[in-house]
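Thanks for sharing this one with me. Here are my notes, set out as numbered points, for you to read with the model open beside them.

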Amino acid sequence: MDEAADLPAFDDEERPARVLTGRIGWGVAVVAFAVAVLVLVQVFRPLPQGSQYYLIIFLAGTLPLVFLAYRSGVPVPARWRRAARDRPTVFDWVLAVLALGVCLYPVLGGYNAFLDRQGLLEPMDVAMGAVLLVLVVEACRRTTGWVLPLVCLLFLGYGYYGGLLPQSWSIAHAGLDFDQIVDALYNSGSGFYGTPLDVAASYVVLFTIYGAVLDLSGAGRFFVDLSVAAFRRSRSAAGRTAVASGFLLGTVSGSGTATAVSVGAVTWPILRRAGYPPEQAGGMLAAAGVGAILSPPTLGAAAFIVAEYLEVSYLVVLGWAMIPTVLYYLGILLAVEIDARRFKVRPVDLSVPSVWRLLGRFGYHFSSLVAIVVLLALGVSATKSVVYATGLAFVLSFLDRSGWLTPRRLFEALSIGVRGVLPVAAVCAAAGIVTAITTKTGLGAQLASLLVRTAEALADNRTVVLALTVVLAAVALSLLGLAVPVTASFIIGWVIIGPALLALGVPAPAAAMFVFYYSVLSEVTPPTALAAVGASAITGGRTVPTMWQALKYALPAFLVPIAFVLTGPGEYLLARGPWLGVVWTTVAACAAVAALAVASGGWLLGVGPAAPVPRVLAGVAGLLLLYLHPVSIGVAAVLLLACAALVHWRNRTQPPPATETSAPSSLEKESI
């Protein structure tokens, strides 16, 4: 069977995988299915040997699959190229067998005896750990590229050679020998088997299985059809449809790039007929897709790590994400409305069933999503909640014959779910290298102190120091996100930048969500915006201009997280605080997003195009509103009034400038 055929072509943490067919594809599917069964059993009957034992088994089941499912990228002779592309090579099989052996070594040779040797590893233990280190780095390279492996090697070099640094340097340490490094990675609760892999094996894989079950039951198609039906008579219907589809489909996938590609495949023909240029359409799709990682109830893998690091329930993290998600999509929708006027897009009448008819026939697909939140609110664990929701989605699939999850299709769904977590598992295991070295050497605290001292060298006022630290942290996280996937970006950012924010009195939830959002936004940040790359492949637009358009649509999301940490009321945007405070900060943030939309889009809705001066006034007003202080809000209100007056006066006294593109206003019909 071709069980990979149903997988998305892109994922936030991965390069495209092989499409495995025939006996090899069947064998990989069987192993993935076995891992899925293990994961589901672990939720209700945990292995008696403990969580680390389970993680060892989980890594033994997933790491070999990485070498079979992902290409090495090594050049091969032309006559072997086709076979090497579609099937694992001999070298891939060797690495897979080797990965299975070194992963199972601790349990096959006596698990308790292996744990007793912690700190005093035998030569064979060190050799096996060293091989696993190489394999984890190689698996990470295959799924994400070279940057994260190089970061891991840099941290390993720092751990080994750090003792040679001048001891007067704040980042110097006593140095670790190779045995100590392997011990920290291979025989401890950190390293390979630390929190990142625990999150991937305990939470993320369950949600990827749930997403696969829901998608195969027809939910993905329903969400897109519902979005099309909801906006079919509006002038900006095409753009609204793309954004709404991205949000609804993202609640299932939790993957920005995959959502952008999936939604783009359906909505790009509509956007093209409406008159959107390819770059603008691609930017819109990328921004809407990335919102999937920010949207409850699935969010992204890093959100589960937030819950684990802060020792709170996943429902609490969902609550923190609610208002920022609204602000993010508000910014995109305002940008859509502005572009509909700038480009004079034409209405597209879509021949689809009514919203009520779709909800009446297929609205049950929302049931499992609601069930997750309700079960979490009732105190059920996140793992059990998603398993129950998956079971509900399975049962409800039989309400639509085309979505029946027969035994064969259920087998496919479980296999696809596990294959979807392979790149996340590789990234999380590799991220354990960074966290282990940082913990053993104390590097995180030292770098955090260095960041704060840099800000203090530039100013004396505490507020200014905090502002400078936040800006430096935002820049550092943005640059880090250009190089590594979202999950790794959050983990590295939290262990290095998190302590700096905490040292300045920023509450832990605000600091964690600040790091989380900037890690996610790398998906739309040039020059490596993966979501924009995927969207441009669908629309045929130029890649770099598509990235800049995606950045424009997501601009408010880059500034709102700063409000979390800059002032005390900023924490209210995470729904933490008195209800009146949550309300007024949300209103102020919504006004800020609207002002920033005017600044970036050059159009004041209801009035007309904005010249450079009003745009600057709107941009400054948006920044002042996000400071969430009564004085700054008052000044911002004056600036917004001045902006509106200038735009109104100019459009009354001067003819509007030519739009960037024009299109006939006749109604066009398109069937879906």
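1. Let me begin with a charge over a ring: K552 sits over the face of Y553, at 4.6 Å from the ring centre. Please keep in mind that this is a predicted model. A second case of this kind involves R401, which lies over the face of W404 at 4.5 Å from the ring centre.

2. Now the overall picture. The protein chain is built with 30 helices and four strands. It has 672 residues, and 58% of them count as buried. Its exposed area comes to about 26,300 Å², with 66% of that supplied by carbon and sulfur atoms. Looking at contacts with a separation of 6 or more, 77% are between residues 24 or more positions apart.

3. How many aromatic pairs does a search of the whole structure find? There are 25. One that I would like you to look at is F33 with F411: the ring centres are 5.0 Å apart and the planes are at 40°, so the pair counts as tilted. F33 belongs to helix α1 (residues 22–44) and F411 to helix α19 (residues 407–441), so this pair ties together parts of the chain 378 residues apart in sequence. As for cover, F33 is partly exposed, because its relative accessible area of 28% falls between the 20% and 50% limits. F411 is buried, with a relative accessible area of 13%.

4. Helix α1 also takes part in another aromatic pair, this time through F44, whose partner Y388 is in helix α18 (residues 382–396). These two are 344 residues apart, so to speak a link between distant parts of the chain. The centres of F44 and Y388 are 5.9 Å apart with 50° between the planes, which is again a tilted arrangement. F44 is partly exposed at 40% relative accessibility, and Y388 is partly exposed at 42%.

5. Beyond pairs, please also find the aromatic cluster: Y203, F207, F304 and Y314 form it together.

6. Back to helix α19, which also holds V418. Is V418 buried or exposed? Its relative accessibility is 0%, so V418 counts as buried. Leaving aside residues up to four places away in sequence, V418 touches A32, V35, A36, V205 and I209. From V418 to A29 the C-alpha to C-alpha distance is 9.0 Å, although 389 residues separate the two in sequence.

7. Helix α22 (residues 486–496) deserves a look for its cover, as 11 of its 11 residues are buried. Among them are F490 and W494, along with G493 and S489. V486 and I496 are buried as well. As a reminder, an α-helix has 3.6 residues a turn, so residues three or four places apart point the same way.

8. On internal space, the structure holds three cavities of 30 Å³ or more. The largest cavity has about 60 Å³ of space. Which residues line the largest cavity? They are L294, P324, L327, Y328, Y517, P556, A557, V560, P561 and F564. Helices α15 (314–342) and α27 (555–566) each supply at least two residues of that lining. The helix that gives the most is α27, with five residues.

9. Finally, two backbone angles to check. Most residues other than glycine have a negative phi. E311 has a positive phi, near 55°, and its place is in the loop between α14 (301–310) and α15. With a relative accessibility of 73%, over the 50% limit, E311 counts as exposed. A575 also has a positive phi, near 60°, and lies in the loop between α27 and α28 (579–601). At a relative accessible area of 42%, A575 is partly exposed.

Key:
Residues are numbered from 1 along each chain as its sequence is written. This is a predicted model: local features need pLDDT of at least 70, side-chain atom pairs count only at pLDDT 80 or more; totals for chains, interfaces and linings use all residues. Side-chain values use heavy atoms; hydrogens and water are left out. Buried means under 20% relative accessible area, exposed over 50%, partly exposed in between (1.4 Å probe, protein chains only). Contact means heavy atoms within 4.5 Å. Accessible areas come from the Shrake-Rupley method with a 1.4 Å probe; for residues, only the protein chains shown count as cover. Rings of Phe, Tyr and Trp (its six-membered ring) pair if their centres lie within 6.5 Å; planes under 30 degrees apart count as stacked, over 60 as edge-to-face and the rest as tilted. A charge sits over a ring if NZ of Lys or CZ of Arg is within 6 Å of the ring centre and within 35 degrees of the ring normal. On a 1 Å grid over the protein atoms alone, a cavity is a set of points where a 1.4 Å probe fits but cannot get out, and a pocket is an open set with protein on both sides within 12 Å along at least five of seven lines; lining residues have an atom within 4 Å of a point. Grid points are joined across faces, edges and corners, and a volume is the space filled by probe spheres set on the points.
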